[in-house]
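Colleague: I would like a close look at one part of this model, namely its nonpolar interior. Please describe how that part is built and set it in the context of the whole chain.

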Amino acid sequence: MARAESSADRRDRGRPQLRPDDETRQIIYEAARHEFAAAGYAATSTETVARRAGVSTKTLYRLVPNKAALFEGMVSDRLDRFLSDFSLHVAEDANIETGMNAALMACADLTLDPDVVALQRIILQEAGQFPDLAAAFYRNGIVRTAAALSNWLRLQVKRGLIELDNVEEAAGILIGMVAGAPQRAALFGGVPLPSRAQVKTRVRKCVTLFLHGCEPKRRA
C-alpha cells in the first residue's frame, strides 16, 4: 500500500531549489566589482550591489557583513581565480622561455586588466578616507600575485634552468617590468591600456632581458 503523502512532502515538491551560498556570494562579488569600478568605493552602496546581483540586501548582509568586507572579499575572490588560472597555464615541464612567457602573461592578464586598474584608481582616490582599502588590495592583490610568480621561479631554480639569489625580489622586478609603466600611464596620464598584442610583445622583451641576465654559468 502506497504511503500517504505528508504535508511536508507536498511543500518540498513545490519549493524551488535554493541557490548555494557560495554561488550567490560569487554573483555578489561580480556585481560589486562592476559597481566599484564604475562609481568608486564611497559612492557605491550595498543596496546598488544587491540590486545588480539580483538579491535582497538581507541576503547580501547575511553573506557579507559590510561594504569594507565586500570590497576585500571581491578582491580576494578575483585573486583566487587568477591564482587557479596561473597554475593551470604554466606547465611544470615547460622550457624556461615558454614557461616564463606564459607566467608573465598570466600576471599581465590580472595587473593590466581594465577593471583591476580601475580598482587601483579607486584606491588612490579613496586612500585618505578609507586607508584599509589600500592594505586589502596590497595584501590580496600585489603580495599574492608576486608570491605565485615567486613559487614558479623557485621551481625553475630547482630545475637548474636559472640562477637567482632572491626569487621574491626577481618576481617583483619581473612584474614591474611587465606592468609598471603601462599601469602608471593609465592611472596618471589617461593613456589607454595596451592591447593584448602589445602586452605579448612587451612580455617577450621582458623575458629576453631577464633570461640574458640570469642564465646559469657554463662550466668549462
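Modeller: The account below begins with the whole chain, turns to the nonpolar interior, and ends at the surface.

The model is a predicted one. The protein contains 10 helices and 0 strands, so that, read from the N terminus, its elements run α-α-α-α-α-α-α-α-α-α. Of its 220 residues, 40% are buried. Among contacts with a separation of 6 or more, 71% join residues that lie 24 or more positions apart.

The largest nonpolar core has 28 residues. Within this core, the residues that touch the most other members are Met100, Leu104, Leu149, Trp152, Leu153, Leu164 and Phe210. At least two residues of the core come from each of helix H6 (96-111), helix H8 (131-158), helix H9 (167-189) and helix H10 (196-213). Phe210 deserves separate mention: apart from its neighbours within four places in sequence, Phe210 is in contact with Met100, Leu164, Ala170 and Leu174.

A second core, separate from the one just described, comprises 25 residues, including Ile28, Ala31, Phe36 and Ile122. Ile28 also appears among the contacts of Leu60, a residue of helix H4 (residues 57-63). When residues up to four places away in sequence are not counted, Leu60 touches Ile28, Thr46, Val49 and Ala50. Leu60 has a relative accessible area of 0% and therefore counts as buried, the limit being under 20%. Leu70 follows 10 residues along the chain from Leu60, and the C-alpha atoms of the two are separated by 9.3 Å.

Two cysteines may be considered next. Cys107 has a relative accessible area of 2% and is buried. Cys206 is likewise buried, at 5% relative accessibility. A disulfide is a covalent bond between the sulfur atoms of two cysteines. The count of disulfides in this model comes to 0.

The surface completes the picture. The protein exposes about 12800 Å², and carbon and sulfur atoms supply 53% of that area. Tyr138, Ile142 and Val143 make a nonpolar surface patch of about 270 Å². Tyr138 lies in helix H8, which also supplies at least two residues of the largest core. Tyr138 counts as partly exposed because its relative accessibility of 49% falls between the 20% and 50% limits.

Note on methods
Residues are numbered from 1 along each chain as its sequence is written. This is a predicted model: local features need pLDDT of at least 70, side-chain atom pairs count only at pLDDT 80 or more; totals for chains, interfaces and linings use all residues. Side-chain values use heavy atoms; hydrogens and water are left out. Helices (H or I, at least four residues) and strands (E, at least two) are DSSP runs, numbered from the N terminus. Buried means under 20% relative accessible area, exposed over 50%, partly exposed in between (1.4 Å probe, protein chains only). Contact means heavy atoms within 4.5 Å. Accessible areas come from the Shrake-Rupley method with a 1.4 Å probe; for residues, only the protein chains shown count as cover. A nonpolar core is a set of buried Ala, Val, Leu, Ile, Met, Phe, Trp, Tyr and Cys residues joined through side-chain atoms within 4.5 Å. A disulfide is a pair of cysteine sulfur atoms within 2.5 Å. Patches are made of residues with over 30% relative accessible area and no salt bridge: like charges are joined within 9 Å, nonpolar side chains (Val, Leu, Ile, Met, Phe, Trp, Tyr) within 5 Å. A salt bridge is a side-chain nitrogen of Lys or Arg within 4 Å of a carboxyl oxygen of Asp or Glu.
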